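Me: I have a fold open in my viewer and would like to talk it through with you. Could you take my questions one at a time?

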Amino acid sequence: MPEKYTFEETKVLKIGLYTAAVILMIFTLFYTQRSGIRHHQDGKSYEVEARFGRTDGLLVGDKVRMAGLDIGKVSGARLDEHFKAILTLDIKDGVLIPDDSSASIVSSGLMGSKYIEIEPGGSPDYLMPGSEFSYTQDAMVLEELIDRIISIGKANRQK
């Protein structure tokens with residue numbers, strides 16, 4: 001009888017180890033994707049900066065998109081002396097961004113992940129590596145949007 005118990009114990013231990021290994025692999029895959037460890041396919045890129053008042057929900061490693069296509073990722077974040085967030089954007093080489101373009105923090109759905117959308121301007125000059133966007137739009141916080149809608153509804157009701 002003790003041999004059967006040892007066999008069952010070994011079986012449970014193996015299943016537990018396999019489960020832990022699978023969970024660890026999933027966590028590692030998720031972490032590397034979110035932290036931006038994956039590099040661009042050609043490995044070449046340049047950095048530009050964008051300054052925002054709020055970046056709610058945007059993380060280092062999130063995508064930078066233009067015209068619906070991925071053109072880079074957020075590679076760094078820090079605060080300036082006026083408590084504004086300065087994001088470093090890693091842009092694929094060969095993607096030229098007019099220097100009068102704007103950068104906005106948008107969501108991929110009502111509750112989706114955030115990313116930076118670049119709206120290209122019409123200037124013939126382009127952002128150089130290390131330069132900064134002149135125009136940015138902060139992240140919209142869902143709670144603030146709902147509060148605005150409710151206050152507009154109340155104001156219309158009182159008229």
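Me: How many residues lie between strand 2 and strand 3 in their hairpin?

Reply: Happy to help, and please keep in mind that this is a predicted model. Strand 2 (residues 63–66) and strand 3 (residues 69–79) pair in the antiparallel sense over four bridges. The two strands form a hairpin, and the number of residues between them is two.

Me: Which residue in that turn has a positive phi, and of about what value?

Reply: Most residues other than glycine have a negative phi. The residue to look at sits in the loop between strand 2 and strand 3 and is not a glycine, yet its phi is positive. It is Ala-67, with a phi of about 55°.

Me: Is Ala-67 buried or exposed?

Reply: Ala-67 belongs to the loop between strand 2 and strand 3. Its relative accessibility is 72%, and the cut-off for exposed is over 50%. Ala-67 therefore counts as exposed.

Me: Which residue in strand 3 stands opposite Arg-65?

Reply: Let's start with a neighbouring example: Val-64 stands opposite Gly-72 in strand 3. For Arg-65, the side chains give a hint, as Arg-65 forms a salt bridge whose closest N and O atoms are 3.0 Å apart. The residue opposite Arg-65, and also its salt-bridge partner, is Asp-70.

Me: What is the N to O distance in the salt bridge between Lys-63 and Asp-70?

Reply: Side chains of opposite charge can pair when their charged atoms come close. Lys-63 is partly exposed at 45% relative accessibility, and Asp-70 is partly exposed at 33%. Their side chains meet in a salt bridge with an N to O distance of 3.5 Å.

Me: Which residue forms a salt bridge with Arg-78?

Reply: A search of the whole structure finds six salt bridges. In this one, the closest N and O atoms are 3.1 Å apart. The pair links distant parts of the chain, 29 residues apart, with Arg-78 in strand 3 and its partner in strand 1. That partner is Glu-49.

Me: Is Glu-49 buried or exposed?

Reply: Its partner Arg-78 has 42% relative accessibility and counts as partly exposed. Glu-49 has 18%, and the cut-off for buried is under 20%. So Glu-49 counts as buried.

Me: Which residues are linked in a network of salt bridges?

Reply: Here we go beyond single pairs, since the salt bridges join up into a network. One member is an arginine and the others are acidic in name, an Asp and a Glu. The network links Arg-51, Asp-80 and Glu-132.

Me: In what order do the seven strands of the open sheet run?

Reply: The pairing in this sheet is mixed. The edge strands are strand 1 (45–52) and strand 7 (135–137), each of which pairs on one side only. Neighbouring strands are turned by 30° against each other on average, direction ignored. The order is 1-4-3-2-6-5-7.

Me: Which residue in strand 4 is the bridge partner of Gly-76?

Reply: Strand 3 and strand 4 pair in the antiparallel sense over seven bridges. They also form a hairpin, with five residues between them. Within this pairing, the partner of Gly-76 is Thr-88.

Me: What is the phi of Phe-83, roughly?

Reply: Phe-83 lies in the loop between strand 3 and strand 4. Phe-83 is exposed, with a relative accessible area of 66%. Although it is not a glycine, Phe-83 has a positive phi of about 65°.

Me: Which strand gives the largest share of the largest nonpolar core?

Reply: The largest nonpolar core has 21 residues, and those with the most contacts inside it include Leu-89, Ile-91 and Phe-133. Among the elements that give two or more residues to this core are strand 4 (85–92), strand 5 (102–107) and strand 6 (114–119). The largest share, four residues, comes from strand 1.

Me: How much accessible area does the nonpolar patch on the surface have together?

Reply: The patch is formed by Met-140, Leu-142, Leu-145, Ile-146, Ile-149 and Ile-150. One of them, Ile-146, is found in helix 2 (residues 142–158) and is partly exposed at 42% relative accessibility. Together, the patch residues have an accessible area of about 490 Å².

Technical notes. Residues numbered from 1 in each chain as written. Predicted model: local features only at pLDDT ≥ 70, side-chain atom pairs only at ≥ 80, totals over all residues. Heavy atoms only, no water. Patch = residues over 30% accessible without salt bridge, like charges linked within 9 Å, V, L, I, M, F, W, Y side chains within 5 Å. Areas by Shrake-Rupley, 256 points an atom, 1.4 Å probe, with all protein chains shown as cover. Salt bridge = Lys/Arg side-chain N within 4 Å of Asp/Glu carboxyl O. Buried < 20%, exposed > 50% of the residue type's maximum accessible area, 1.4 Å probe, protein only. Pairing = 2+ DSSP bridges. Axes fitted to C-alpha atoms, helices over the stretch in contact; angles between N-to-C directions. Core = buried A, V, L, I, M, F, W, Y, C linked by side-chain atoms within 4.5 Å.
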